[in-house]
Structures are given as structure tokens and as C-alpha cells.
Amino acid sequence: FEAELETLAGAQGMVDEALKLFKRVDVLVNNVGGTIWTKPYDQYGEQEIEKEIRRSLFPTLWCCRAVLPFMVKKKKGTIVNVSSMTVPTAPPGFAHYVSTKAAIVGLTRALARELGPEVPLHFSAFHPDYKMSDTPPTPARTLTRARAIAIAAGLHYVYTGNVHDTDGGTTYCPSCQTPLI
């Protein structure tokens with residue numbers, strides 16, 4: 001099945017097809033990455049900026065929108081939205097890309113608040129062990145800081161992954177902080 005995920009109709013078609021074939025959707029992973037062009041922002045034309053936004057943001061927006069009604073109704077399911085370390089670093093030539101990835105962070109925050117504090121949130125480190133060995137992994141302190149922000153915002157179940165972090169890998173009771181898992 002092929003779908004144009006830059007449109008709500010395409011994303012809805014994908015979810016409908018999955019439900020038809022499998023009767024459920026347990027996990028949605030939104031991992032749209034890469035940039036079409038790298039150049040100073042003032043050198044982009046209107047159509048280039050719109051194309052970058054359609055490519056790097058709309059699939060995540062539309063896929064979340066398409067799958068959420070099913071997951072909310074069933075009271076289960078996992079959505080993984082992959083952002084980028086370019087959000088905090090904002091490298092030159094990537095303004096359009098950083099903007100879309102920051103929007104994904106905002107969407108994820110908004111959905112967590114909208115769905116309630118019981119919804120688990122996972123932060124996973126980028127860990128380049130194969131082809132991108134010249135690129136450093138996400139520092140553990142970045143995930144620890146993100147986890148602390150999410151907990152301070154009121155989320156009860158916030159985890160870190162792909163790093164050694166006992167606290168971030170443990171499930172605590174939100175009332176008494178006793179380790180559960």
C-alpha cells in the first residue's frame with residue numbers, strides 16, 4: 001500500500017488500510033528526516049520553503065491526526081515522533097528544517113498535555129554506530145534535561161532510552177515515587 005503522507009487523506013488512507021488488514025494500530029513511528037536543500041534562509045523561494053515544510057512536518061501532523069481517534073477510543077497505542085538535535089543547535093543553512101523539527105517537538109508536547117499526564121513519554125538518544133560514526137551521539141544530559149522538563153510539566157511516566165540512565169529507565173509511582181518496574 002502506498003500513501004501520500006503530506007496530505008490528511010493519504011495518512012487516513014494508510015491508517016484505514018492498516019485497520020482493515022490488522023484490525024488495530026499499536027504503534028505509529030513518525031521519522032521524516034533530511035532536508036532537500038541546505039543554504040541561507042534568505043536564498044529560499046516561497047515554493048522551496050513550502051516544499052520543505054510539506055515534506056518534514058505534514059506527514060507527522062497528518063499521521064498523528066489520522067491514528068489518534070482509534071488509539072484514544074481503544075485507550076492504547078504508542079506514537080513515536082522523531083525530531084532532531086538541530087532544534088537546540090540550529091546550524092546555519094537549516095532554518096526551514098529546524099523550524100519543522102521544532103514544530104514536531106511542540107506537537108508532541110501539546111498532544112501529551114491534551115491526552116493527559118498518564119500518557120508515557122519516551123526520549124531516545126541518537127546513537128550512530130553504523131554509517132554516521134563521525135557524528136556524536138545525543139548526550140545523556142540532553143535526555144535527562146528533557147525528562148526533567150516533562151516531569152515538571154506534570155507528565156507521570158517519562159523515560160529515556162538508548163543511554164545508561166537508571167532513573168529514566170525506571171517506572172515510578174507518581175504519588176510516592178516508589179520504583180515499580
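**Reading contacts, rings and backbone angles in a predicted model**

Me: Which residues in H2 meet which residues in H5, and how do I read such a meeting?

Reply: Contact means heavy atoms within 4.5 Å. Here Glu-52, Ile-53 and Ser-56 in H2 meet five residues of H5: His-96, Tyr-97, Thr-100, Lys-101 and Ile-104. Helix H2 covers residues 46-56 and helix H5 covers residues 95-115. The model is predicted, so local features need pLDDT of at least 70 and side-chain atom pairs pLDDT 80 or more, while totals for chains, interfaces and linings use all residues. Numbering runs from 1 along each chain as its sequence is written, and side-chain values use heavy atoms, without hydrogens and water.

Me: How many helices and strands does the protein chain have, and in what pattern?

Reply: Both are DSSP runs numbered from the N terminus: helices are H or I with at least four residues, strands E with at least two. The protein chain has six helices and four strands. Along the sequence they follow the pattern α-β-α-α-β-α-α-β-α-β.

Me: What box does the protein chain fill, and what share of its contacts spans 24 or more positions?

Reply: Taken along the principal axes, the C-alpha atoms of the protein chain fill a box of roughly 55 × 40 × 30 Å. Among contacts with a separation of 6 or more, 54% join residues 24 or more positions apart.

Me: What share of the protein chain is buried?

Reply: Buried is under 20% relative accessible area, exposed is over 50%, and partly exposed lies in between (1.4 Å probe, protein chains only). Of the 181 residues in the protein chain, 31% count as buried.

Me: How many aromatic pairs are there, and what kind do Tyr-41 and Tyr-44 form?

Reply: Rings of Phe, Tyr and Trp (its six-membered ring) pair with centres within 6.5 Å; planes under 30 degrees apart are stacked, over 60 edge-to-face, the rest tilted. The structure holds four such pairs. For Tyr-41 and Tyr-44 the ring centres are 6.3 Å apart and the planes lie at 40 degrees, so this pair is tilted. Ring pairs also bring Trp-37 into a cluster with Tyr-41 and Tyr-44.

Me: Are Tyr-41 and Tyr-44 buried or exposed?

Reply: Tyr-44 is buried, at 8% relative accessibility. Tyr-41 is partly exposed, because its relative accessibility is 45%.

Me: What does Ala-18 touch, and where does Ala-18 lie?

Reply: Ala-18 lies in helix H1, residues 8-22. Leaving aside residues up to four places away in sequence, Ala-18 touches Lys-23, Arg-24 and Val-25. Its relative accessibility is 21%, so Ala-18 counts as partly exposed. Between Ala-18 and Phe-1 the C-alpha distance is 9.3 Å, with 17 residues separating them in sequence.

Me: What is the phi of Lys-23, and where is Lys-23 found?

Reply: Most residues other than glycine have a negative phi. Lys-23 has a positive phi, near 70 degrees. Lys-23 is in the loop between H1 and strand S1, residues 27-30. With 64% relative accessibility, Lys-23 counts as exposed.

Me: How should I read Lys-75, and what is its phi?

Reply: Lys-75 also takes a positive phi, near 60 degrees. Its loop runs between helix H3 (58-74) and strand S2 (78-81). Lys-75 is exposed, because its relative accessible area is 76%.

Notes:
Axes fitted to C-alpha atoms, helices over the stretch in contact; angles between N-to-C directions.
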